[in-house]
Amino acid sequence: MSTAPAPGARNGILSLTIKDKAVLYAAYMPFLLHGGLFIPTNKPYRIGDEVFMLLNLMDEPEKIPVAGKVVWVTPRGAQGNRAAGIGVHFNGQDDTANKKIETYLAGSLESDRPTHTM
């Protein structure tokens with residue numbers, strides 16, 4: 001999984017590429033009402049910040065635009081060597097990203113993930 005600012009990006013625009021199903025599974029947050037992703041980043045964000053990302057899944061030719069809100073922050077140097085990054089809750093206006101992610105992970109999500117919603 002790699003993140004890089006989109007060309008000419010502001011702090012709130014992220015470009016995220018996920019090419020591996022296991023990485024997608026680890027990053028996906030199905031317990032959020034419209035879905036969400038953990039995005040590794042060292043940039044400073046605060047809970048509630050609006051972000052826009054261009055998501056590139058597996059080998060799809062088109063990037064999926066996704067708007068969301070930061071719902072948690074793991075700072076650099078977090079206890080337990082956790083990766084620095086942010087949890088982004090998709091805003092739900094366009095569920096293309098969530099549907100594609102769930103299609104890729106079909107059968108994997110029911111196994112051991114919590115089912116509560118936020």
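Biologist: Why is Lys-99 called exposed?
Modeller: The relative accessibility of Lys-99 is 53%. Exposed begins over 50%, so Lys-99 counts as exposed. The value is computed from a predicted model.

Biologist: What makes Lys-99 and Asp-95 a salt bridge?
Modeller: Their side chains meet with N and O 3.6 Å apart. The cut-off for such a pair is within 4 Å, so Lys-99 and Asp-95 qualify. Asp-95 itself has 37% relative accessibility. Partly exposed covers the range between 20% and 50%, so Asp-95 is placed there.

Biologist: How many salt bridges does the structure hold?
Modeller: It holds three salt bridges. One of them joins Glu-50 and Lys-69, at 3.8 Å from N to O, which is also within the 4 Å limit.

Biologist: Why does the pair of Glu-50 and Lys-69 tie parts of the protein together?
Modeller: Glu-50 belongs to strand β4 and Lys-69 to strand β5, so the bridge joins parts 19 residues apart in sequence. Glu-50 has a relative accessible area of 54%, and is therefore exposed. Lys-69, with 39%, is partly exposed.

Biologist: How do you know that Lys-100 and Glu-60 link distant parts of the chain?
Modeller: The closest N and O atoms of Lys-100 and Glu-60 are 3.1 Å apart, in a salt bridge. Lys-100 sits in helix α2, while Glu-60 sits in the loop between β4 and β5, and 40 residues separate them. Lys-100 has 28% relative accessibility, so it counts as partly exposed.

Biologist: Which elements does the protein have, and in what order do they run?
Modeller: There are three helices and six strands. Read from the N terminus, the order is β-β-α-β-β-β-β-α-α.

Biologist: Why is Phe-90 called buried?
Modeller: Buried means under 20% relative accessible area. Phe-90 has 4%, so it is buried. Phe-90 is located in strand β6. Leaving out residues up to four places away in sequence, Phe-90 touches a list of residues that includes His-34, Leu-37, Met-53, Val-66, Ala-97 and Ile-101. Its C-alpha atom is 8.2 Å from that of Leu-32, although 58 residues along the chain separate the two.

Biologist: Is Asn-56 buried or exposed, and how do you know?
Modeller: Asn-56 has 15% relative accessibility, and therefore counts as buried, the limit being under 20%. Asn-56 is part of strand β4, residues 50–57. Beyond four places in sequence, its contacts are Leu-16, Thr-17, Ile-18 and Lys-63.

Biologist: What share of the protein is buried?
Modeller: Of the 118 residues, 41% are buried. The exposed area is about 6800 Å², with 52% of it supplied by carbon and sulfur atoms.

Biologist: What makes up the largest nonpolar core?
Modeller: This core has 23 residues, and those with the most contacts inside it are Leu-24, Leu-37, Ile-39, Met-53, Leu-55 and Ile-101. Elements that give two or more residues to it include β2 (13–18), α1 (21–27), β3 (36–40) and α2 (96–104). Strand β4 gives the largest share, four residues. As for Ile-101, its contacts beyond four places in sequence are Leu-24, Tyr-28, Leu-37, Leu-55, Leu-57 and Phe-90.

Biologist: Which residues form a nonpolar patch on the surface?
Modeller: Ile-47, Trp-72 and Val-73 form it, and together they have about 260 Å² of accessible area. Trp-72 is placed in strand β5. Its relative accessible area is 30%, so Trp-72 is called partly exposed.

Biologist: How many of the contacts join residues at least 24 apart?
Modeller: Of the contacts between residues at least 6 apart in sequence, 61% do so.

Biologist: What is the mean pLDDT, and where does pLDDT stay under 50?
Modeller: The mean pLDDT is 83, and 81% of the residues reach 70 or more. Over residues 5–10 pLDDT stays under 50, and the model has six contacts beyond four places in sequence for them.

Biologist: Why does a low pLDDT matter to a reader?
Modeller: Where pLDDT is low, predicted coordinates should not be read in detail.

Key. Residues numbered from 1 in each chain as written. Predicted model: local features only at pLDDT ≥ 70, side-chain atom pairs only at ≥ 80, totals over all residues. Heavy atoms only, no water. Buried < 20%, exposed > 50% of the residue type's maximum accessible area, 1.4 Å probe, protein only. Contact = heavy atoms within 4.5 Å. Areas by Shrake-Rupley, 256 points an atom, 1.4 Å probe, with all protein chains shown as cover. Core = buried A, V, L, I, M, F, W, Y, C linked by side-chain atoms within 4.5 Å. Patch = residues over 30% accessible without salt bridge, like charges linked within 9 Å, V, L, I, M, F, W, Y side chains within 5 Å. pLDDT = per-residue confidence, 0-100.
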